[in-house]
Amino acid sequence: MSQVAENSHIPTVFDDEHQHVGEIYAKALIGAAKASGNADVVVQHLTSIVTDILNRSPVFESALSSPKLSSSEKMALMDKVFRGKVDPTLLNFLKVLCSRQRIGFIRGIQQAVVKMQDEAMGRLRVVVTTAVPLEEKQKTVLADTLRSRFGKDIALTSRTDPSLIGGMVIRIGDTVYDSSIHGRLLLQRKQVEERAEQQLRTKLDSLVS
Amino acid sequence: MKFNSDEIASVIQREIEQFESQIDVREVGTVLEVGDGIARVYGLSNVMSGEMVEFPSGVTGLAFNLEEKSVGIIILGDYLTISEGDEVRALGKLLSVPVGDEVIGRVLDPLGNPLDGKGPVQAKTQRPVEIIATGVAERQPVHEPLQTGIKAIDAMTPIGRGQRELIIGDRKTGKTAVALDAIINQKHTGVKCFYVAVGQKDSSVALVIDALEKHGAMDYTTIIVAGASAPAPLQYVAPYAGTAMAEHFMFNGQHALIVYDDLSKQAVAYRQLSLLMRRPPGREAFPGDVFYCHSRLLERSAKLSKELGGGSLTSLPIIETLEGEVSAYIPTNVISITDGQIYLQPDLFFAGIRPAMNVGISVSRVGGAAQIKAMKKVAGGLRLDLAAFRELEAFAQLGTELDAATQSRLDRGYRMVELLKQAQYQPMSVADQIISIYAGTRGHLDDVPISKVRDFESELLRFVRNRNPDLLKKIVDVGDLTSEIEEAIKSAITSFKATFRP
């Protein structure tokens with residue numbers, strides 16, 4: 001339990017098994033959702049279940065994954081909480097997870113589902129970090145620019161980090177475009193140090209008297 | 001000495017003004033786990049094998065293992081400053097080291113950082129550490145000798161420029177001593193020397209540096225150190241880094257000699273990395289590509305063709321065996337890669353035969369092509385004679401009655417063994433070697449008591465140097481044992497013998 005809670009806080013922690021199982025279930029879920037024609041809604045609901053419910057109420061998650069409750073009790077619990085609020089395909093999927101004791105893999109599944117849906121829709125997930133929160137207008141301008149640049153739909157997530165001072169850092173996949181003041185200062189310090197050292201060395205004689 | 005601070009400030013200011021800001025585009029990943037000189041990184045999806053990466057602390061690494069979901073990085077430096085979650089950036093370039101005349105006389109780590117306190121290396125050029133060796137068309141057969149100054153080696157297992165000659169033996173059998181004598185003997189020959197210390201005690205390295213300095217060899221030698229306390233990745237790259245520095249001279253038409261001391265420790269460092277990276281272990285737990293690790297390194301020693309300037313890189317890899325076990329994995333590998341081996345044995349060493357070379361199993365596959373003609377003629381059958389002598393000696397120990405012919409062969413053998421002994425740090429010129437070996441193989445020592453053979457030799461050489469210096473010059477200039485030179489040597493020996501009182 002504690003490990004699962006930790007996982008939710010550090011998204012980078014890498015677990016081969018979670019990723020592997022997640023991909024298999026994700027494929028099945030997307031397939032089922034496509035058949036009923038509302039894949040986007042399913043993805044959205046699943047993400048919200050993970051971030052809004054499970055992350056906030058670990059007790060609920062432990063109840064779902066606890067072996068003390070029988071599977072019919074869990075089903076009933078799920079029906080009570082989710083029926084009418086989430087897509088029926090997703091509800092069935094959650095029940096399958098429960099009956100197979102795979103609820104612990106739900107984060108891996110969610111990550112894989114998001115990735116697969118993005119790929120299928122030709123969407124590019126972009127994380128923008130700025131020193132101050134972006135206004136909606138700025139976001140649309142940025143998304144439009146990126147769309148024309150990459151020729152893909154843009155799913156923009158924005159974060160704030162005051163230590164950047166100014167400018168922005170755009171992260172697409174593993175590539176980072178850093179135009180923040182913080183990054184530039186670091187770069188400048190490095191370059192100036194290097195070049196000044198070189199200059200000083202070549203002119204050493206004139207500098208020492 | 002006084003620094004002009006205004007001037008310095010203005011230099012820095014100019015650099016700041018010239019700084020052009022542009023968007024910094026980088027490929028990044030996140031450290032998942034780190035330890036024992038390696039890191040596992042999530043992300044870096046476009047990184048290439050062998051590409052350099054940088055950690056936030058400024059430490060660099062190499063992408064070593066590309067897996068489906070993570071990248072294994074070997075860390076070239078202090079891995080204790082790296083922590084989980086750190087951002088790793090790909091640098092998009094290969095590891096390279098400074099090369100050129102600036103590295104000569106320096107003691108460096110495998111990345112080219114100074115370890116001798118003489119300030120940074122101000123090299124103008126860099127060379128990638130790993131390159132693919134020159135191909136068939138760019139080479140020519142080895143034909144010039146590289147004199148080690150050690151009689152036993154130059155006479156029986158000659159080394160040519162561009163050859164790879166393995167020095168193999170147990171601990172404390174004088175392996176490093178042979179290599180050091182070879183380096184010291186390169187004085188005035190223009191051959192640049194490189195000594196790569198891998199996994200050695202820092203105290204031994206200090207001794208080596210001291211010995212080279214004392215004999216004036218640091219003027220043309222570079223020492224690359226990845227000591228026993230250096231992380232395994234640095235020990236693994238050290239030989240490649242040293243080779244890159246030495247190759248620079250080869251490709252510029254010069255000659256270089258590189259000593260890898262020793263490759264068994266490099267193999268152990270590579271095994272450590274591979275096991276930590278979870279590559280499947282094979283024989284003796286070494287990874288499957290440990291052969292390639294050494295073959296691609298030693299293949300870079302070459303004699304280049306005339307069109308490429310005819311430069312050469314000679315290598316003397318050293319392998320330490322355990323209890324004389326040459327059939328272990330790494331020794332057999334390196335024996336099969338190199339063009340011959342010098343086998344040093346502890347029992348010979350403790351019997352006072354130094355260098356403790358076992359003549360029977362030491363070979364040079366380049367052979368006579370790496371000797372001047374005079375040496376070839378003088379020492380032609382020496383190796384086989386000595387091997388036959390060893391057999392005969394074992395037989396004679398049974399206490400059987402020996403006929404006169406056998407006894408005389410035994411006596412000659414004892415004297416040759418005595419003659420081939422040589423003190424450390426006293427390499428001999430090729431002319432000196434020819435005269436003393438001539439005296440031995442042509443029977444001029446047969447009537448000298450065995451205990452006086454070495455005195456006879458040193459005094460003979462002093463005699464020739466004082467009375468007949470032209471003879472030494474002539475041997476080197478002509479390079480052949482013409483009948484005229486042979487007569488001159490013979491008469492020098494005879495006239496010396498008349499004065500020698502054993």
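The paragraphs below lead through a predicted model, beginning with chain B as a whole and ending with a helix of chain A.

Chain B has 16 helices and 16 strands, and along its principal axes its C-alpha trace spans about 85 × 55 × 45 Å. Of the 502 residues in this chain, 47% are buried. When contacts with a separation of 6 or more are considered in chain B, 72% of them are made by residues 24 or more positions apart.

A good place to enter chain B is its open sheet of eight strands, which has mixed pairing and follows the order 8-12-11-13-14-10-15-16. The edge strands of this sheet are strand 8 (107–108) and strand 16 (363–364) of chain B, each of which pairs on one side only. Strand 8 of chain B is joined by two bridges to strand 12 (residues 221–226) of chain B, and the two run parallel; within that pairing, Leu108(B) has Ile224(B) in strand 12 as its bridge partner. Helices lie across parts of the sheet as well. Helix 4 (residues 202–214) of chain B lies across strand 8, strand 11 (192–198) and strand 12 of chain B, and runs at about 175° to strand 12. Helix 8 (residues 329–337) of chain B, for its part, lies across strand 10 (166–169), strand 14 (312–320) and strand 15 (340–344) of chain B, with an angle of about 160° to strand 14.

From the sheet we can turn to the nonpolar cores. In soluble globular proteins, nonpolar side chains tend to be buried together. The largest nonpolar core here holds 147 residues, and the members that touch the most others are Ile73(B), Ile183(B), Val196(B) and Ile434(B). Helix 5 (residues 232–251) of chain B gives the most to this core, namely 12 residues. Another core, of 20 residues, lies apart from the largest one and includes Tyr25(A), Ala33(A), Ala39(A) and Leu97(A). Returning to Ile434(B), and leaving aside its neighbours within four places in sequence, one finds this residue in contact with Ala374(B), Met375(B), Val378(B) and Ile475(B).

Two loop positions of chain B show how burial is judged in this model. Val47(B) is found in the loop between strand 2 and strand 3 (51–54) of chain B, yet Val47(B) counts as buried because 24 other C-beta atoms lie within 10 Å, where 20 or more are needed. Apart from neighbours within four places in sequence, Val47(B) is in contact with Glu27(B), Val53(B), Ala63(B), Val71(B) and Ala90(B). Measured by neither contact nor sequence is it close to Ile435(B): the two are 388 residues apart in sequence and 61 Å apart in space, C-alpha to C-alpha. The second position, Gly443(B), is in the loop between helix 13 (430–441) and helix 14 (453–467) of chain B. Gly443(B) counts as exposed because it has 12 C-beta neighbours inside 10 Å, and the cut-off for an exposed residue is 12 or fewer. The C-alpha atoms of Gly443(B) and Met416(B) are separated by 9.7 Å, although these residues are 27 apart along the chain.

The two chains also touch each other, with 30 residues of chain B in contact with 26 residues of chain A. On the side of chain B that touches chain A, the elements giving two or more residues are helix 1 (5–18), strand 1 (24–35) and strand 2 (38–43) of chain B. The largest share, eight residues, comes from strand 1 of chain B. By class, this side of chain B has 13 nonpolar, 10 polar and seven charged residues. Strand 1 of chain B is also joined by four bridges to strand 4 (residues 175–178) of chain A, and the two strands run antiparallel; there, Asp178(A) stands opposite Asp24(B).

Two helices, one from each chain, complete the picture. Helix 1 of chain B has 14 residues and reaches 20 Å from its first C-alpha to its last, close to the 20 Å expected at 1.5 Å a residue. Of those 14 residues the number buried is one, so helix 1 of chain B lies largely in the open. Helix 3 (residues 39–54) of chain A has 16 residues, which at 1.5 Å a residue should span 22 Å, and the 21 Å between its end C-alpha atoms agrees with this. In helix 3 of chain A, the residues Ala39(A), Val42(A), Val43(A), His45(A), Leu46(A) and Leu54(A) are buried. What covers the buried residues of this helix includes helix 2 (16–36), helix 4 (58–65), helix 6 (88–99) and helix 7 (106–121) of chain A.

How values were computed. Residues numbered from 1 in each chain as written. Chains lettered and ligands numbered in written order. Predicted model: local features only at pLDDT ≥ 70, side-chain atom pairs only at ≥ 80, totals over all residues. Expected span 1.5 Å × (residues − 1). Contact = placed C-beta atoms within 7 Å. Pairing = 2+ DSSP bridges. Axes fitted to C-alpha atoms, helices over the stretch in contact; angles between N-to-C directions. Nonpolar A, V, L, I, M, F, W, Y, C, P; charged D, E, K, R; others polar. Core = buried A, V, L, I, M, F, W, Y, C linked by C-beta atoms within 7 Å.
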